[in-house]
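Take a look at the fold below. This report walks through it piece by piece, from strands to ligand shell.

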Amino acid sequence: MPRFEGANGRQDSQGPLIRLDEIRKTYHLGEVDVPVLNGVSLTIERGELVALMGVSGSGKTTLMNLLGCLDRPSSGHYWLDGEEVSELSGDARAILRNRKIGFVFQNFNLLPRSSALHQVTMPLSYTAEELTESEWRRRAVDLLGRVGLGERLDHEPSQLSGGQQQRVAIARALINNPPLVLADEPTGALDSKTSEEILHLFQELNAEKGITVVIVTHDPGVAAHTKRIIRIKDGLIEDDTLKTTAVAKALMAAEAVI
Ligand code: ADP
């Protein structure tokens, strides 16, 4: 398979961004085995915008932790951007996360007394990428401008609304140009109007930059903003639906009426 090293060491291969093959995860609580993922096989192509849905306890977080290389499966294989990652060490996974994955969380996970600019440049201090301080700053300023916070570079979280804090977190997730963004209930702490704005931002970034976005949600209104809905139940994929544009629009219109 042809591949080349991109500007930040990214492997730009031709295959899917994510491929899971028969992934299983069992937690061990003392003597008791708790099987949580029971053979998940899944492919996500580059540039997809996907919702991962399921009721509480279905295994969404466990699957997200594996996709995010925060944890390893008990068995099965995971290829991320053409690289088999299921057996990498903790250190190797940390490097991979930094280069390939941006994370967005429900509660933003910002540093309490740091400016928006500092929050966004912070992940760069862990990269192998050699950038001067002014290049870091320029990239962060560009991204904060892109998410609509160009006027708020020096603001700390306490001086920002929830939606603005999530925008800072999204800019932070994008600072290393990752091919993948994983968002765990990214609108769970926001009112409906702000949620809508944040979901539009994800849609725009997905369309503009071709970033693959996976959003974990229990909310059908959030999932309606994506192009594909993967439902997980009892640690297995129950349903996987690729929406046509027409269906997606109808779902969004129905959501607006409700
Ligand atoms: P969801 O995100 O869909 O709510 P989770 O992946 O968090 O589901 O959890 C699925 C199941 O796995 C639950 O029954 C939960 O109790 C169990 N579980 C999750 N993490 C652990 C762990 N670290 N140790 C033991 N059981 C766990």
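Strand 9, helix 6 (residues 192-209) and strand 10 build a right-handed β-α-β unit. The model is a predicted one.

Strand 9 covers residues 180-184, and five of its five residues are buried, so the rest of the structure largely encloses it. In a regular strand, side chains alternate between the two faces of the sheet. Strand 9 shows two such sets: Leu180, Leu182 and Asp184 point one way, while Val181 and Ala183 point the other way. The residues of both sets are buried.

Which strands pair with strand 9? Strand 8 (residues 101-104) pairs with strand 9 in the parallel sense, over four bridges. Here Gly102 has Val181 of strand 9 as its bridge partner. Strand 10 (residues 212-217) also runs parallel to strand 9, and five bridges join them. One of the bridges links Asp184 to Val216 in strand 10.

Glu185 sits in the loop between strand 9 and helix 6. Its phi is positive, about 45°, although Glu185 is not a glycine. Is Glu185 buried or exposed? Glu185 has 20 C-beta neighbours inside 10 Å, and 20 or more is the cut-off for buried, so Glu185 counts as buried.

**A second sheet**

Now turn to an open sheet of four strands, in the order 4-3-6-7, with antiparallel pairing. Strand 4 and strand 7 stand at the edges with a single partner strand each, so one side of each has no neighbour in the sheet. The table lists the pairs in this sheet.

| Strand pair | Bridges | One bridge pair |
|---|---|---|
| Strand 3 and strand 4 | Ten, antiparallel | His28 and Asp33 |
| Strand 3 and strand 6 | Five, antiparallel | Ile18 and Leu80 |
| Strand 6 and strand 7 | Two, antiparallel | Trp79 and Glu84 |

Strand 6 and strand 7 form a hairpin, with two residues between them. Asp81 lies in this loop, between strand 6 (75-80) and strand 7 (83-84). Asp81 is a residue other than glycine, yet its phi is positive, near 55°. Asp81 has 25 C-beta neighbours inside 10 Å, so it counts as buried.

**Around the ligand**

Which residues surround the ligand? They are Tyr27, Leu29, Val34, Val36, Gly54, Ser56, Gly57, Ser58, Gly59, Lys60, Thr61 and Thr62. Three elements give two or more residues to this shell: strand 3 (18-29), strand 4 (32-44) and helix 1 (60-67). Helix 1 gives the largest share, three residues. By class, the shell has four nonpolar, seven polar and one charged residues.

Strand 3 and strand 4 also belong to the open sheet described above. So the ligand shell draws on that sheet as well as on helix 1.

Helix 1 has these buried residues: Lys60, Leu63, Met64, Leu66 and Leu67. Where do they fall around the helix axis? Seen down the axis, they fall within an arc of 160°, so they line one face of helix 1. A general rule helps here. An α-helix has 3.6 residues a turn, so residues three or four places apart point the same way. Lys60 has two roles: it is part of the ligand shell, and it is buried in helix 1. Just after helix 1 comes Cys69, with a positive phi of about 55°.

**A contact across the chain**

Lys233 lies in strand 11 (residues 228-233). Lys233 has 14 other C-beta atoms within 10 Å, so it is partly exposed. How far apart are the C-alpha atoms of Lys233 and Val55? The separation is 7.3 Å, although 178 residues along the chain lie between their positions in the count. Setting aside neighbours within four places in sequence, Lys233 is in contact with Gly54, Ser58 and Glu238. Gly54 and Ser58 are also in the ligand shell.

**The whole protein**

The protein has eight helices and twelve strands. Buried residues make up 37% of its 258 residues. Consider the contacts with a separation of 6 or more: residues 24 or more positions apart account for 69% of them. The pieces above are part of that picture.

Definitions and conventions: Residues numbered from 1 in each chain as written. Predicted model: local features only at pLDDT ≥ 70, side-chain atom pairs only at ≥ 80, totals over all residues. Buried ≥ 20, exposed ≤ 12 C-beta atoms within 10 Å, placed from the backbone. Pairing = 2+ DSSP bridges. Right-handed = clockwise from strand over helix to strand, strands pointing away. Near = placed C-beta within 6 Å. Nonpolar A, V, L, I, M, F, W, Y, C, P; charged D, E, K, R; others polar. Arc of directions from axis to C-beta. Contact = placed C-beta atoms within 7 Å.
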